[in-house]
Amino acid sequence: MNIKLQRAIDRYLGVPLCAFASLFERLRTWRAAPQAPASPPQRIVVILLSEMGSLVLAQPMIALLRARYPEASLHVLLFGKNREVLDLMASVPPENVIAIDDRSLGGLLRTLIAAIRSLRQLRPDAVLDCELFARISSLLSWLSGAPLRVGFHRHTQEGLYRGSFINRPVLYNPYRHLSLQFLTLARAIESQTHPLDKESLDEGPLPAPLPAFRMGEVEAFGTRFGEEFPRIVGRRLALLYPSGGILPIRAWPVANWRQVASGLLAEGYAVAIIGLPSDKALGRALAEAVAHPDCIDLTGYTKSVRELVALLGIAALLVTNDGGPAQFSSLTAVPTVALFGPETPLLYGPLGEHARCLHLALPCSPCLTAYNHRNSPCDGDNQCLQRIVPAQVLAEARIVVARAHPQADRDTA
């Protein structure tokens, strides 16, 4: 189901449903928002439907929930297409995952009903809605029957209506990294301030999450990759992700990618272009434009997120548009240069210290925000990315690689 249809359903159906749920809840309870729970919650549900990368950013929150409520069972509700990311990190038992199929409207409706039934049978004590002002997720938190419903709330902002049934409302802060805001959702279960979670202070960088590969899985992938691409064996491998994914406005110009690929080849790297099968035309065109035997098109080569992360693990460098690979880089700490423009690394930069994010803060950037449901007003002329020049990207690449291997850099000197 395309993103425009999802937005339309969320707006034109979600708003009246949220209003109905708010009125029903008000008539049902006639009481103030609940205080902190008298006892620790025993069943906690995390709703995180949207992008795969957000599941990586949510791992510190899941770790905090496990530390604070070690006796609680933790469950996650998500879109089925994102499940493999959660399975890779093994932070939630597979049987505790509730998946919704959003590939078609019929599948969405059918699996939504099944998900609501599963939530009602679970009888959760608390639900944490991690979506940024989406109505479907807030309605699911209400329909779960959980007495504590934590989620981002508009407070004094106009618009962004999600109803008034979120009884542990968290202030969305566009100046804090999203992973830190997810932590606030976890702390909001027991916080007593208004807005919630005034006491907490950020203490240093968050640890990067780790993937849970099966024994020998990475080695088997590396062996197969070496057999299929023997020319690259023993070479420093640079991966390039030039696609914008479902949001093409996030894509850096292809001509710039060609210059970066040529520059990396001149520095002794082998270069591979990565992406989904739908990116095959882009990958093939870029490889043909570079026209070098050490530049290969790997779009569609990895068949799962697990294989993509394994590929990142054997790479020496990743240069990527804002998107899934930028977040997955946190799982391997591969030296990374991430290009941001329509969105900001202030909120979505990869976890860990392995990456440098380039962002040209024009007056109109970022234009993909929680306030417009990532529906940019830009006409497609993304100057915020076009003005980042290839020489700057190559310079940043040298910095992240040198920082990852300081001893090798000293030996070379």
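Here are some friendly notes on this predicted model, point by point.

1. Let's begin with the parallel sheet. Its 6 strands make an open sheet, ordered 3-2-1-4-5-6, with parallel pairing. At the edges sit strand 3 (97-100) and strand 6 (168-171), each of which pairs on one side only. On average, neighbouring strands of this sheet are turned by 20° against each other, direction ignored.

2. Within that sheet, have a look at strand 1 (residues 43-47) and strand 4 (residues 126-129), which pair in the parallel sense over 4 bridges. If you want a specific pair to display, I44 has A126 in strand 4 as its bridge partner.

3. Helix 6 (residues 105-122) is worth viewing together with the sheet. This helix lies across strand 1, strand 2 (73-79) and strand 3. Relative to strand 3, helix 6 runs at about 155°.

4. Next, the nonpolar interior. The largest nonpolar core holds 71 residues, and the members that touch the most others are M61, L65, L128, F182, L185 and L239. Another core, of 30 residues, lies apart from it, with L264, V290, C295 and L385 among its members.

5. M61 makes a good starting point for exploring the 71-residue core. Leaving out neighbours within four places in sequence, M61 is in contact with V46, L128, C130, F182, L183, L185 and A186. Three of the names in that list, L128, F182 and L185, also appear among the core residues that touch the most other members.

6. Strand 11 (336-340) deserves a careful look. Of its 5 residues, 5 are buried, so the strand is mostly covered by the under 20% cut-off for relative accessible area. In a regular strand, side chains alternate between the two faces of the sheet. Here T336, A338 and F340 point one way from strand 11, while V337 and L339 point the other way, and all are buried.

7. What pairs with strand 11? Strand 10 (residues 317-321) does so in the parallel sense over 4 bridges, and strand 12 does so in the parallel sense over 5 bridges. For individual positions, N321 has L339 in strand 11 as its bridge partner, whereas V337 stands opposite R356 in strand 12.

8. The loop between helix 13 (324-328) and strand 11 includes S330. Is S330 buried or exposed? With 3% relative accessibility, S330 counts as buried, because the cut-off is under 20%. Residues up to four places away in sequence aside, S330 touches V56, A208, P209, P350, L351 and H354.

9. A333 is found in the loop between helix 13 and strand 11 too. Although not a glycine, A333 has a positive phi of about 60°. Its relative accessibility is 45%, so A333 counts as partly exposed.

10. R374 is another residue to check on a Ramachandran plot: its phi is positive, about 60°, although R374 is not a glycine. R374 is found in the loop between strand 12 and helix 15.

11. Finally, please look at the cis peptide bonds. One runs from H194 to P195, with omega near -10°, and P195 has its place in the loop between helix 8 (178-187) and helix 9 (217-228). The bond from S365 to P366 is also cis, with omega near 5°. P366 lies in the loop between strand 12 (355-359) and helix 15 (383-386).

Note on methods:
Residues are numbered from 1 along each chain as its sequence is written. This is a predicted model: local features need pLDDT of at least 70, side-chain atom pairs count only at pLDDT 80 or more; totals for chains, interfaces and linings use all residues. Side-chain values use heavy atoms; hydrogens and water are left out. Helices (H or I, at least four residues) and strands (E, at least two) are DSSP runs, numbered from the N terminus. Buried means under 20% relative accessible area, exposed over 50%, partly exposed in between (1.4 Å probe, protein chains only). Contact means heavy atoms within 4.5 Å. A nonpolar core is a set of buried Ala, Val, Leu, Ile, Met, Phe, Trp, Tyr and Cys residues joined through side-chain atoms within 4.5 Å. Two strands pair if DSSP finds at least two bridges between them. Axes are lines fitted to C-alpha atoms, for helices over the stretch in contact, and angles run from 0 to 180 degrees between N-to-C directions.
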